[in-house]
Amino acid sequence: MDVLLEKIKITVGYIVFITLICVMCVACQRENNTGDTQVNFIRESVDKYDRFTANDSSKAFIDSVGQLIKKMPNTEEARSLLIYYIQKVNADISYIDLLSELSISVNDVNHEAKSYYLKGTNYENKFVLDTAFYYYTRAEYLYTNINDTLELRDVYRSKAVVLLNNRIFTEAQTNILKLIRLNKYQDDIKVDYVSKFLLGSILVGLDEVDEAILTLNSALEYLNDPRIDQVYNENTKRLNFVTVYKNLVEAYLKKEDYNKVYSFVDQTIKEYLGKESLYDDLLTAQFIVLKAKASIGLKQLDGIEEELQKAIALCIKHKHHKEENTTKVVLGELLFLKGNVDKAIGLLNEVKDYSVKLNDLALEKEVLSKLLRFDTVYHQEYFIRYEELDHVLTDENRMIKNTFARISSEADYLIKANKKLQNQKDVIAQVGSTMIGLAMLIFFVILYRQKSREIKMVKLFQQDTEKYYTSILTLHDKMGQARFQERKEVAKELHDGVLNKLFVTRFSLMQITRDTLDTQRKLLVNEVKEVEEYIRGVSHSLDNEESFKISFYNQLLEDLVNIQNRNENTEFTLIIAPEIELQNLCHRNKIHLYRIIQEALQNVHKYAKASNCIVIFRKLNEGGIELLIKDNGVGFDVKRVKRGLGLNNIQDRCDLINAYFKIESFKNRGTTLRIILG
């Protein structure tokens with residue numbers, strides 16, 4: 001009864017355990033399904049959002065989606081989704097800080113580097129270029145450590161743009177060349193185009209005009225490649241054409257190839273500009289200014305003033321005062337050349353006041369360069385201020401270069417310092433974990449030793465019991481094998497000895513006639529006696545073939561063959577080469593050869609229907625002995641006819657004495673048994 005209750009308790013326990021497992025699995029599955037649904041909802045919402053056309057309602061909705069992302073568990077999928085949200089929505093810096101925090105907490109270097117890159121982009125959009133450069137440098141260091149060449153390309157491009165905007169052309173060129181090397185085997189047409197365009201812009205800044213023109217033309221070839229349509233939409237592609245042509249015009253302007261400037265300006269305004277938009281109006285104004293500079297260079301001043309007034313009106317329309325005043329400088333130079341000095345001086349002084357107010361030293365210097373050429377009244381005053389501005393701008397440019405170099409160096413230092421601190425923290429954690437693990441190991445070793453003493457005797461008893469039963473089973477198997485071998489030997493002896501002799505006796509009985517009755521009777525009696533003696537010998541010593549004592553082996557073989565000649569249909573012949581000493585063979589080999597010949601001759605009697613059979617012993621050149629048993633009987637197909645017990649016995653005996661055995665037989669052409677004893 002107690003046993004039954006115990007079994008019931010165990011069964012109930014199993015049922016409860018399995019039920020709990022099933023409930024947990026269902027709960028996990030529901031949680032996974034819920035998580036997948038939420039991720040799909042967030043991704044679809046972000047995909048539909050367009051920040052350029054979004055109204056207040058859609059902005060409020062996408063903000064609520066961002067709050068959902070912030071509440072998600074810190075998984076790789078959640079961090080990837082957060083990156084997608086930041087890039088698509090242009091989210092504020094708090095989301096990027098969250099990405100950085102989540103990535104660092106799980107040592108996700110890839111996403112940590114991405115957070116630094118996104119911070120750099122955010123500050124670049126706010127024109128805080130030194131901070132942007134700092135975060136780009138941190139991203140570069142991490143991406144280099146993990147060998148992420150795809151992300152490194154974006155980092156080098158962004159660093160080059162920041163440096164280009166600060167007119168640090170040499171360092172910008174270095175980053176673009178790094179970008180080109182990384183993209184050499186990637187076949188990314190967008191990166192190919194961007195790298196050529198930026199490199200061309202840098203070369204223009206470095207006054208390497210011819211090289212710049214070649215590089216910018218390569219950028220145009222990429223824009224005309226059909227594959228670029230997979231990267232840029234039609235409007236983006238159009239604006240990229242305008243930007244490349246603007247840089248080409250500036251290059252030709254520096255080269256003083258004014259006809260090319262005219263051609264590219266007219267072509268660009270006609271084919272790519274003219275839409276009612278901020279970008280189109282400002283770009284049109286910039287192209288008019290470039291064309292005006294070319295006209296001034298060619299001294300072709302007709303109609304240029306009206307064009308410049310049109311450009312100024314476009315800048316005023318969009319309240320772009322920087323472009324407005326830059327255009328006024330060119331207009332002032334034009335007015336000087338047309339002889340309208342008072343109007344030109346008034347316009348340039350207006351621009352100078354604007355530049356002083358905004359502390360735009362470069363614009364002020366450009367205004368002074370025009371006034372120095374045409375206003376002789378205040379020439380000395382303008383010259384002193386011009387020299388002062390030149391020194392200030394030179395120092396400022398040097399300071400900017402030093403600032404970016406220092407930012408790069410400090411970023412590297414901080415990254416390495418943080419890496420060192422992180423390594424120290426990891427070492428401390430590893431040492432602590434090792435000590436705790438070692439303490440636990442010592443505890444379990446002591447516990448194990450105590451338990452091992454208790455079960456040691458049980459194990460020894462089990463081992464002794466297993467050895468006992470193993471020895472019994474082994475002995476039983478050996479006895480079975482011995483009985484099997486004994487039966488096999490008896491079967492061979494009966495087949496090879498008794499059956500063969502009885503077969504010969506039966507064959508002799510079949511040959512008896514009235515005339516030969518008296519003669520054959522004596523022979524048959526003697527043969528029966530031989531069978532009796534053989535059976536008696538076998539019964540006395542079944543497993544001792546050494547009892548088969550052979551003294552005159554050649555004579556024994558002759559007797560065996562001569563007995564076969566009682567068959568009047570087949571003539572048997574024995575030939576032993578004189579150089580062969582069969583007597584010197586060991587007893588074991590003699591016995592097996594005798595039995596092989598005996599079995600083969602019996603098969604000739606039974607199946608061959610031969611008129612002639614010859615047994616030949618001959619010596620081989622290699623020193624071995626070859627036994628041939630050949631008949632001219634009906635033969636058989638060796639491949640199709642299945643071997644009987646007799647042929648299998650011959651094969652077994654050949655294997656026992658390490659002899660080579662082969663049967664050659666053809667229909668109506670007889671059979672040959674070949675045995676080679678080494």
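Helices here are DSSP runs of H or I with at least four residues and strands are runs of E with at least two, both numbered from the N terminus. By that reading, the protein chain of this predicted model contains 22 helices and five strands.

**Overall composition**

Of the 678 residues in the protein chain, 39% count as buried. The accessible surface of the chain amounts to about 41100 Å², and carbon and sulfur atoms account for 55% of that area. When contacts between residues at least 6 apart in sequence are considered, 61% of them join residues at least 24 apart.

**Nonpolar cores**

In soluble globular proteins, nonpolar side chains tend to be buried together. The largest nonpolar core in this model has 98 residues, and the members that touch the most other members are Tyr193, Tyr245, Leu248 and Leu308. Both domain 2 (109-186) and domain 3 (187-255) contribute at least three residues to this core. Apart from it lies another core, of 35 residues, which includes Val561, Leu593, Ala600 and Ile657.

What does Leu308 contact, once its neighbours within four places in sequence are set aside? Leu308 is then in contact with Ile288, Val289 and Ala292, and also with Thr327, Val330, Leu331 and Leu334.

**A nonpolar patch on the surface**

Nonpolar side chains also appear at the surface, where Ile436, Met440, Phe443, Phe444 and Leu447 make a patch of about 520 Å². One of these residues, Leu447, lies in helix 18, which covers residues 379-510. Leu447 has a relative accessibility of 34% and therefore counts as partly exposed, a value that also satisfies the requirement of over 30% relative accessible area for patch residues.

**Salt bridges**

The structure holds 27 salt bridges, and three of them are set out below with the distance between nitrogen and oxygen.

| Acidic residue | Basic residue | N to O distance |
|---|---|---|
| Asp210 | Lys255 | 3.1 Å |
| Glu333 | Arg373 | 2.9 Å |
| Glu664 | Arg674 | 3.9 Å |

The salt bridge between Asp210 and Lys255, whose closest N and O atoms are 3.1 Å apart, links distant parts of the chain: Asp210 belongs to helix 10 (residues 209-224), while Lys255 sits in the loop between helix 11 (234-254) and helix 12 (258-271), 45 residues apart. Asp210 is partly exposed, with a relative accessible area of 48%, and Lys255 is likewise partly exposed, with 42%.

Glu333 and Arg373, which meet in a salt bridge at 2.9 Å, are 40 residues apart, with Glu333 in helix 15 (residues 321-337) and Arg373 in helix 17 (residues 361-374). Is Glu333 buried or exposed? Glu333 has a relative accessibility of 9%, so this residue counts as buried, whereas Arg373, at 47%, counts as partly exposed.

The salt bridge between Glu664 and Arg674, at 3.9 Å, joins two strands, since Glu664 lies in strand 4 (residues 659-665) and Arg674 in strand 5 (residues 671-677), ten residues apart. Glu664 is partly exposed at 27% relative accessibility, and Arg674 is partly exposed with a relative accessible area of 21%. Through salt bridges that share partners, Glu664 and Arg674 are joined with Arg618, Glu626 and Lys662 into one network.

Note on methods:
Residues numbered from 1 in each chain as written. Predicted model: local features only at pLDDT ≥ 70, side-chain atom pairs only at ≥ 80, totals over all residues. Heavy atoms only, no water. Patch = residues over 30% accessible without salt bridge, like charges linked within 9 Å, V, L, I, M, F, W, Y side chains within 5 Å. Areas by Shrake-Rupley, 256 points an atom, 1.4 Å probe, with all protein chains shown as cover. Salt bridge = Lys/Arg side-chain N within 4 Å of Asp/Glu carboxyl O. Buried < 20%, exposed > 50% of the residue type's maximum accessible area, 1.4 Å probe, protein only. Core = buried A, V, L, I, M, F, W, Y, C linked by side-chain atoms within 4.5 Å. Domains from an automatic or database assignment. Contact = heavy atoms within 4.5 Å.
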